[in-house]
Amino acid sequence: MESHCPRQELGERLSKLSDLAAESGLERVGKRPKLSRYLRDVWIRRAFALTLSQYRLLATSARSRLGVAWLIIVPALQITLYGLIFGLVLGDSRPGNFLPYLVVGVVLFQFLAGSFSDGARSISSNSALAKSLSFPRVLLPMSAMVSQWMKFSGLMLLALIALPILGEMPRWSWLMIVPVIGLASLFALGIGMMAARLTVHFNDLSSLIPFITRIAFYASGVFFSMDRLTDAISWLGFLVWANPVSVYLSLARDVMITGHPVDAWMWWVGAGWGVFTLVFGFFFFWSAEERYGRAG
Amino acid sequence: MVEQASTAKPVVIVDNAKVTYRVYASGKAVQEGESNSRVKRTGNLRTVEAIKGVSLIAHEGDVIGVIGTNGSGKTSLMKAISGLTPLDGGKIFATSRPSFLGVGAAMLKELSGEKNIILGGLAMGFSRAEIKEKLDQIIEFSGLKDFIELPMRTYSSGMTERLKFSIAASREHDILIIDEALAVGDSKFRKRSEARMKELAKNAGCVFLVSHSLKSILDTCNRAIWLDEGVLRAEGTAYEVCKAYADEVGADLDD
């Protein structure tokens, strides 16, 4: 018997419940709202996403003495370390203008990798919030994106100090970093949303994330020139445009440092990757909206 | 129930709802062959039937007490009604999305009570200006004025529940589900929140109150349901159901 109701007549009376619900104009609970309503709900609660990321950053930095300064210290140490190691190891095969090349590479890569890993964690690390309050879940990866922007402002400050020291004088083309970050953010938010859903389905993925980030680090020319890779293994040539991380890195170097110009069509590739990843990521995340309550 | 149906409008309809948890766990059963009917084993996969097909109707203005022993499926049913736990069968309908307020649904522990109020309010859909306006009122209601600047990890569980209830109660909810959240508050706060709950229920809504305290159910609720092993064992007026439950488990109605 399907129904476990204690009293038979009660079960019969209740068998028409769905009809009664429709009659009284009730809606199924947990049903994913229509896209337009979902987006409106997101818009109404935009302050929530902003405040959540702000408070999270505050909370993590409140525990250590140097606080937010760590957001700059760690990448500064990384750049120094990579500069020493790769500078020595790569020898003459270093890309030209090596240190500025490395600074821009590390700063932008940190931003993209952070968006990926924070996006992946965004549902599980806020599961308490997600379990007790109902709001459009996409606000969580969005709020992770906002945190990344806040962290990125620190990274950018580091780059703006380091580049003149390394011989790259400020110039007008530096302003073009804003559209580069804009396009990179579309991509970053897209992968953040995808990672968020995937980690809900397969929690094991969270163990793989550092590994995936490492692969991206080596395959995107953070510390070496993609030309060298594609010269050595010619069939890898497609990576120059098919790897969005490397696309955004090249664009950033084009506007920030000398000696590494890119063709104008790379801007279109960057825009294409950004829009595609964002739209796909959003629908991928949204289509599983009903499942996120169980996460964590 | 039918009598009521003719007078009041239904706000929540639960139609043969089922919730099943799938949990991976290794280890052997204590004794081969002796198995709980609700936990099924397939290799390392345990399937727990938390809710085995429950149906009920809640009407406008109802305050419904939910009773049952630990693990009888009370919280699972409430989370399903609020849409936080997906169903494995059946359907649940409501006029608007119910708000769930439960134990363990902590907010951000590292942040002060005040910041949690702001964050919770924003998540419920208040604007920044609205929550600023309500802030003092919420702090006042919680009675935690002296501790409001401390991080919530320093709060006792009772204080945490009080703050959470105060946040949730600051908004009019069409349907509010309270899961044992008031069990830890002191008697003064309990009085205040019971009054607020009645007020919320009166304003067109419907409240579900999960509690082990039969007294607080009798004081607050007009109806009650009794869950037993994932099945609806009884439903009716709060007194009928509490009486039946008390007789079965040997509890006291003043408890």
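A contact means heavy atoms within 4.5 Å. This is a predicted model, in which local features need pLDDT of at least 70 and side-chain atom pairs count only at pLDDT 80 or more, while totals for chains, interfaces and linings use all residues. Residues are numbered from 1 along each chain as its sequence is written, chains are lettered from A in the order in which they are written, and side-chain values use heavy atoms, with hydrogens and water left out.

**Exercise 1. Chain A as a whole**

Task: Describe the contacts, the elements, the box and the surface of chain A.

Solution:
- Step 1. Take the contacts in chain A between residues at least 6 apart in sequence; 78% of them join residues at least 24 apart.
- Step 2. Chain A has 14 helices and one strand, where helices (H or I, at least four residues) and strands (E, at least two) are DSSP runs numbered from the N terminus.
- Step 3. Along the principal axes, the C-alpha atoms of chain A fill a box of roughly 85 × 50 × 35 Å.
- Step 4. Of its 296 residues, 49% count as buried; buried means under 20% relative accessible area, exposed over 50%, and partly exposed in between (1.4 Å probe, protein chains only).
- Step 5. About 14700 Å² of chain A is exposed, and carbon and sulfur atoms supply 66% of that area. Accessible areas come from the Shrake-Rupley method with a 1.4 Å probe.

**Exercise 2. Two helices**

Task: Compare the expected span with the model for H9 of chain A and H5 of chain B, and state how each is covered.

Solution:
- Step 1. The expected span is 1.5 Å times one less than the number of residues.
- Step 2. Helix H9 (residues 177-201) of chain A has 25 residues and reaches 36 Å from first to last C-alpha, close to the expected 36 Å.
- Step 3. In H9(A), 18 of the 25 residues are buried, so this helix is largely enclosed by the rest of the structure.
- Step 4. Helix H5 (residues 157-169) of chain B has 13 residues and should span 18 Å; its end C-alpha atoms are 18 Å apart, which agrees.
- Step 5. Twelve of the 13 residues of H5(B) are buried, so H5(B) is likewise largely enclosed by the rest of the structure. Among the buried ones are charged-group residues such as B:Glu161, B:Arg162 and B:Lys164.

**Exercise 3. Salt bridges**

Task: Locate three salt bridges and classify the partners as buried or partly exposed.

Solution:
- Step 1. A salt bridge is a side-chain nitrogen of Lys or Arg within 4 Å of a carboxyl oxygen of Asp or Glu. The structure holds ten over all chains.
- Step 2. A:Asp118 and A:Arg121 meet in one (2.9 Å, N to O). Being three residues apart in helix H6 (residues 98-121) of chain A, they are separated by about one helical turn.
- Step 3. A:Asp118 counts as buried because its relative accessibility is 14%, while A:Arg121, at 45%, counts as partly exposed.
- Step 4. A:Lys151 is linked with A:Asp118 and A:Arg121 in a network of salt bridges.
- Step 5. B:Arg223 pairs with B:Asp62, the closest N and O atoms being 2.9 Å apart. This pair links distant parts of the chain, 161 residues apart: B:Arg223 is in strand E9 (residues 223-228) and B:Asp62 in the loop between strand E3 (45-59) and strand E4 (63-67) of chain B.
- Step 6. B:Arg223 is buried at 6% relative accessibility, and B:Asp62 is buried at 2%.
- Step 7. B:Asp228 forms a salt bridge with B:Arg233, with closest N and O atoms 2.8 Å apart. B:Asp228 is partly exposed at 26%, and B:Arg233 is partly exposed at 34%.
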